[in-house]
Amino acid sequence: MKKSVLIAVAALGIGFLSNKAIAQTQQADTSKTAPATAPAAPSAATGDVVGVLSSTTDFAPLALAIKSADLEATLKGPGPFTVFAPNDVAFSKIPKPTMDDLMKDHAKLAKLLKYHIVAGKYTKTDIIKALSAGKGKAVLKTIDGDSLTLSVNDKSNLQIVDAKGNAALVISFDTMASNGVIHGLNGVLMPQ
């Protein structure tokens with residue numbers, strides 16, 4: 001009996017140590033073969049919110065819109081900010097004439113973009129705490145004072161409902177910036 005227990009403990013120990021050694025070897029090999037242009041880890045702060053959005057192809061339309069709406073100076077400020085960032089697919093769902101009008105009307109574009117920005121840093125953990133405290137709902141104030149309602153839908157996805165009742169899903173969490181955090185959305189939120 002003692003022998004079988006010792007053998008089992010020894011086997012577990014050897015298995016644990018060999019898995020650790022293999023993981024270290026794979027990690028070392030990965031760093032040698034990783035391309036020089038590999039994207040940074042989502043949690044790495046590689047600049048301010050504008051810099052992080054500009055360096056990610058998924059958010060290229062948003063970065064361009066921020067520049068067009070003259071919001072760069074605001075989002076390069078100390079913050080902290082939480083940006084619910086529509087990805088490129090979300091922007092592609094907006095009809096071209098509507099998008100063209102928004103790009104020409106800087107005030108309207110700025111209002112739309114500010115509707116995606118919350119003052120303060122809300123990581124996924126902070127959002128979960130807010131949802132728990134609110135019994136399944138959380139309301140966050142945008143930098144313009146509007147409200148965003150966060151909840152979990154029937155498929156266990158975090159969704160944000162805008163002023164018009166449309167919902168967008170949060171599809172990525174916690175892309176860190178030096179002055180805040182970015183969460184990716186699959187839709188564009190519309191203010192009232």
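Seven nonpolar residues, one polar residue and no charged residue make up the lining of the largest cavity in this protein. The model is predicted, and the tour below starts from that cavity.

**First stop: the cavity**

Select L53, L62, I66, L75, V83, L113, H116 and I117, the residues that line the largest cavity. The volume enclosed there is about 40 Å³. The structure holds one cavity of 30 Å³ or more.

**Second stop: helix α3**

Two of the lining residues, L62 and I66, lead to the next selection, residues 60-68, which form helix α3. Which residues of this helix are buried? They are L62, A63, A65, I66 and S68. To see what surrounds them, display α2 (49-54), α4 (72-75), β1 (81-86), α5 (88-92), α6 (96-104) and α7 (106-114), against which the buried residues of α3 pack. Then move just past the end of α3 to D70, where the backbone takes a positive phi of about 55°.

**Third stop: T82 in strand β1**

Strand β1, one of the elements packed against α3, contains T82. Is T82 buried or exposed? With a relative accessible area of 0%, T82 is buried. Two polar contacts of its side chain can be displayed here. One joins the T82 side chain to the backbone oxygen of G120 at 2.6 Å; the other joins the T82 side chain to the backbone nitrogen of Y122 at 2.7 Å. For the wider surroundings, select H116, I117, V118, G120, K121, Y122, V181 and H183, which T82 touches when residues up to four places away in sequence are not counted. H116 and I117 also belong to the cavity lining, which links this stop to the first.

**Fourth stop: the whole chain, coloured by confidence**

Zoom out to view eight helices and seven strands. Of the 192 residues in the protein, 35% are buried. Among contacts with a separation of 6 or more, 64% are between residues 24 or more positions apart.

Now colour by pLDDT. The protein averages 78, and 76% of the residues score at least 70. Where is confidence lowest, and where is it highest? It is lowest in helix α1 (residues 2-33), at a mean of 34, and highest in β1, at 96. Finally, select residues 1-44, over which pLDDT stays under 50. For this stretch the model has seven contacts beyond four places in sequence. Where pLDDT is low, predicted coordinates should not be read in detail.

Technical notes: Residues numbered from 1 in each chain as written. Predicted model: local features only at pLDDT ≥ 70, side-chain atom pairs only at ≥ 80, totals over all residues. Heavy atoms only, no water. Buried < 20%, exposed > 50% of the residue type's maximum accessible area, 1.4 Å probe, protein only. Helix = DSSP H or I, 4+ residues; strand = E, 2+ residues; numbered from the N terminus. Contact = heavy atoms within 4.5 Å. Polar contact = N/O pair within 3.5 Å; in protein donor to acceptor, adjacent residues only side chain to side chain. 1 Å grid on protein atoms, 1.4 Å probe; cavity = no way out; pocket = protein on both sides within 12 Å on 5 of 7 lines; lining within 4 Å. Points joined across faces, edges and corners; volume = space filled by probe spheres on them. Nonpolar A, V, L, I, M, F, W, Y, C, P; charged D, E, K, R; others polar. pLDDT = per-residue confidence, 0-100.
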